[in-house]
Each structure stands twice: as C-alpha cells, then as structure tokens.
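User: Hi! I'd like to go through this model with you before I head back to the bench. Could we start with the cysteines?

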Amino acid sequence: MSGFDLDQLRTLVAVVEAGSLTAAAPKVFLSQSSVSEQMRKLEERAGQPLLLRGKAGVIATPAGERLLSHARAILALSDEAYRDLRGVALRGQLRLCITDYFRPGDVARMLRRLNEQYPQVRLHVTIMKSGAIETAYERGEIDVGISMRIMERGAARGRAHGALLRREPLMWMAAQDAAPPVEDVLPLLVLPETCALRQYVERLLSRRDVPYSVAHVASGVAG
C-alpha cells in the first residue's frame with residue numbers, strides 16, 4: 001500500500017506541536033508506547049528519520065518538517081471532506097488575535113486561505129500584544145490567540161496555554177554599517193514598556209551591568 005496513514009500523520013503533528021512523545025499521547029488518545037510505535041512505522045514508511053530525540057524532547061528533522069507541512073494540509077482536507085459529505089458546513093464567527101511578532105508578512109495570505117476554505121466563517125482579527133492576547137483568551141473574549149512568550153533560563157514556568165507552534169532563538173541585531181555606541185552606551189530600538197521582549201532585554205542588560213539607552217520606541221514590529 002502506498003501513501004501515508006492518517007492516524008500516523010495526526011500523531012506526527014501532535015508530537016511536533018507538543019514537543020515530546022509523552023506530551024502528545026493524551027492529545028491523540030494513545031499511550032506513550034503507542035505514539036512511539038506509530039512514529040516508528042511512519043519513519044519506516046517515509047524511509048528516513050522524521051524526529052530528532054533528545055533530553056529536552058523532540059524536534060522535526062528537515063524531512064520531518066516537509067512531511068509535517070503535507071500532513072497538516074492532508075488532515076485539513078480530510079476534515080473538510082468529512083464535513084462536506086456529512087453536510088456539516090463550518091460557519092459562524094471566529095474572534096482571532098495575533099501578536100505582530102508572528103510572521104507579519106504572511107498573515108494576510110494565511111487569512112485569505114482561511115476565508116477561501118471556509119467562506120461562511122466571518123473573521124474578527126485583531127493584532128495585539130502577547131500579554132493582552134492571553135488575558136483576553138482567559139476572559140473568553142476571543143476564540144483563538146497566537147502569542148509569543150519569552151522562556152528565561154532558570155525562571156519558573158507559568159501555566160501553559162494552548163499548543164506550542166514553534167520555538168525560536170533570540171538574537172541581537174544591528175544595522176550592518178552601524179556606528180560604535182557613543183561612550184559605550186548601547187542604543188536600543190524597542191517596543192513600548194508593556195512588551196515582554198523589551199522587559200526581558202532590559203533585565204538582561206541590567207543584570208550584566210551593560211549601560212544602555214532607549215534610542216527609538218516603536219508601537220509595533222513594523223515600526
């Protein structure tokens with residue numbers, strides 16, 4: 001038999017999003033050993049490793065990322081076919097909040113695809129700061145929120161919200177032809193004081209006794 005098993009693809013998505021086999025198990029209503037077996041069979045069918053396993057959990061290999069993209073599209077199409085044949089059209093209103101850190105150049109295209117797939121769904125989309133998004137979700141004011149959270153080493157982790165979409169490292173950036181800092185004072189380009197990333201950067205610089213000054217404050221990532 002050629003092709004992939006839908007249940008195995010669904011498990012792959014759950015594993016990558018959860019970050020570990022153990023965390024993914026309850027999401028797909030399987031035991032940890034069953035999840036591991038499904039991933040073994042999926043890698044066998046794919047003919048190459050799909051996951052890198054380590055003490056911190058699992059991440060997708062390049063091949064796993066490619067299959068993950070296909071898996072999400074296949075599962076969405078399967079769900080759509082089921083609703084179509086069962087006469088269950090997705091309709092209503094969706095209140096969606098997105099942090100402007102999240103792929104700002106791709107948001108419009110993603111929303112267009114969502115509208116094309118579900119034309120009877122009316123979208124209410126707001127761009128907000130991550131803290132405000134999580135507060136609004138807890139209050140039941142929105143249906144779906146995409147936020148960013150800074151994970152500091154050694155800091156206590158708060159209560160998890162929803163599914164992890166991806167992890168990204170933080171990096172310092174400057175213009176290629178930037179002049180040296182005046183009097184060794186680091187000039188910062190930041191968002192307002194409510195921004196979690198700004199708060200993290202200022203704490204980090206203060207702990208390391210690095211002198212800095214806020215040279216530019218923007219209202220959002222585009223600024």
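Analyst: Happy to. A disulfide here is a pair of cysteine sulfur atoms within 2.5 Å. Keep in mind that this is a predicted model.

User: Good to know. How many disulfides does the structure hold?

Analyst: Zero. Cys 97 is in no disulfide, and the nearest cysteine sulfur to it belongs to Cys 195, 17 Å away. Seen from the other end, the closest cysteine sulfur to that of Cys 195 is in Cys 97, and at 17 Å it is too far for a bond, because a disulfide needs the two sulfurs within 2.5 Å.

User: Is Cys 97 buried or exposed? And what about Cys 195?

Analyst: Cys 97 counts as buried, because its relative accessibility is 3%. Cys 195 is buried as well, with a relative accessible area of 4%. The cut-off for buried is under 20%.

User: Okay, let's zoom out. How many helices and strands are there in the protein chain?

Analyst: Seven helices and seven strands. From the N terminus on, the order is α-α-α-β-β-α-β-α-β-α-β-β-α-β. The C-alpha trace spans about 70 × 40 × 35 Å along its principal axes.

User: And how much of the chain is buried?

Analyst: 27% of its 223 residues count as buried. As for contacts between residues at least 6 apart in sequence, 64% join residues at least 24 apart.

User: Where's the largest nonpolar core, and which residues touch the most other members?

Analyst: That core has 22 residues, and the ones touching the most other members are Leu 12, Val 15, Met 39, Leu 42 and Leu 51. Helices H1, H2, H3 and H4 and strand S2 each supply at least two of its residues. H1 gives the largest share, six residues.

User: What does Met 39 touch?

Analyst: Leaving aside residues up to four places away in sequence, Met 39 touches Gln 8, Thr 11, Leu 12, Val 15, Leu 21, Leu 51 and Arg 53. Apart from this core lies another, of 11 residues, including Ile 150, Tyr 200, Leu 205 and Ala 218.

User: Any general reason to expect cores like that?

Analyst: In soluble globular proteins, nonpolar side chains tend to be buried together.

User: Leu 51 came up twice. What is its bridge partner in S2?

Analyst: Ala 60. Strand S1, residues 51-54, runs antiparallel to S2 and is joined to it by four bridges. The hairpin between S1 and S2 goes through two residues.

User: H4 caught my eye. How many residues does it have?

Analyst: H4 has 25, residues 62-86, and reaches 36 Å from its first C-alpha to its last, close to the 36 Å expected. Its buried residues are Ala 63, Gly 64, Leu 67, Leu 68, Ala 71, Leu 75 and Arg 83. Those residues pack against helix H1 (6-18), helix H3 (32-46) and strand S2 (57-60).

User: What happens just after H4?

Analyst: Gly 87 takes a positive phi there, of about 70 degrees.

User: New topic: the open sheet. In what order do its three strands come?

Analyst: The order is S4-S3-S5, with parallel pairing. S4 (121-127) and S5 (144-146) stand at the edges with a single partner strand each, so one side of each is left without a neighbour in the sheet. From one strand to the next, the twist averages 20 degrees.

User: How many bridges do S3 and S5 pair over?

Analyst: Three, in the parallel sense, with S3 covering residues 92-98. Leu 96 has Val 144 as its bridge partner in S5.

User: And which helix lies across S3 and S4?

Analyst: H5, residues 107-117, running at about 165 degrees to S4.

User: Last one: I have my eye on Gln 199. Where does it lie?

Analyst: Gln 199 lies in helix H7, residues 196-207. With a relative accessibility of 34%, Gln 199 counts as partly exposed.

User: What does Gln 199 touch?

Analyst: Glu 193 and Thr 194, not counting residues up to four places away in sequence. Gln 199 and Ile 150 are 49 residues apart in sequence, and their C-alpha atoms are 9.9 Å apart in space. Ile 150 is among the members of that other core, the one of 11 residues.

User: Great, thanks for the tour!

Methods. Residues are numbered from 1 along each chain as its sequence is written. This is a predicted model: local features need pLDDT of at least 70, side-chain atom pairs count only at pLDDT 80 or more; totals for chains, interfaces and linings use all residues. Side-chain values use heavy atoms; hydrogens and water are left out. The expected span of a helix is 1.5 Å times one less than its number of residues. Buried means under 20% relative accessible area, exposed over 50%, partly exposed in between (1.4 Å probe, protein chains only). Contact means heavy atoms within 4.5 Å. Two strands pair if DSSP finds at least two bridges between them. Axes are lines fitted to C-alpha atoms, for helices over the stretch in contact, and angles run from 0 to 180 degrees between N-to-C directions. A nonpolar core is a set of buried Ala, Val, Leu, Ile, Met, Phe, Trp, Tyr and Cys residues joined through side-chain atoms within 4.5 Å.
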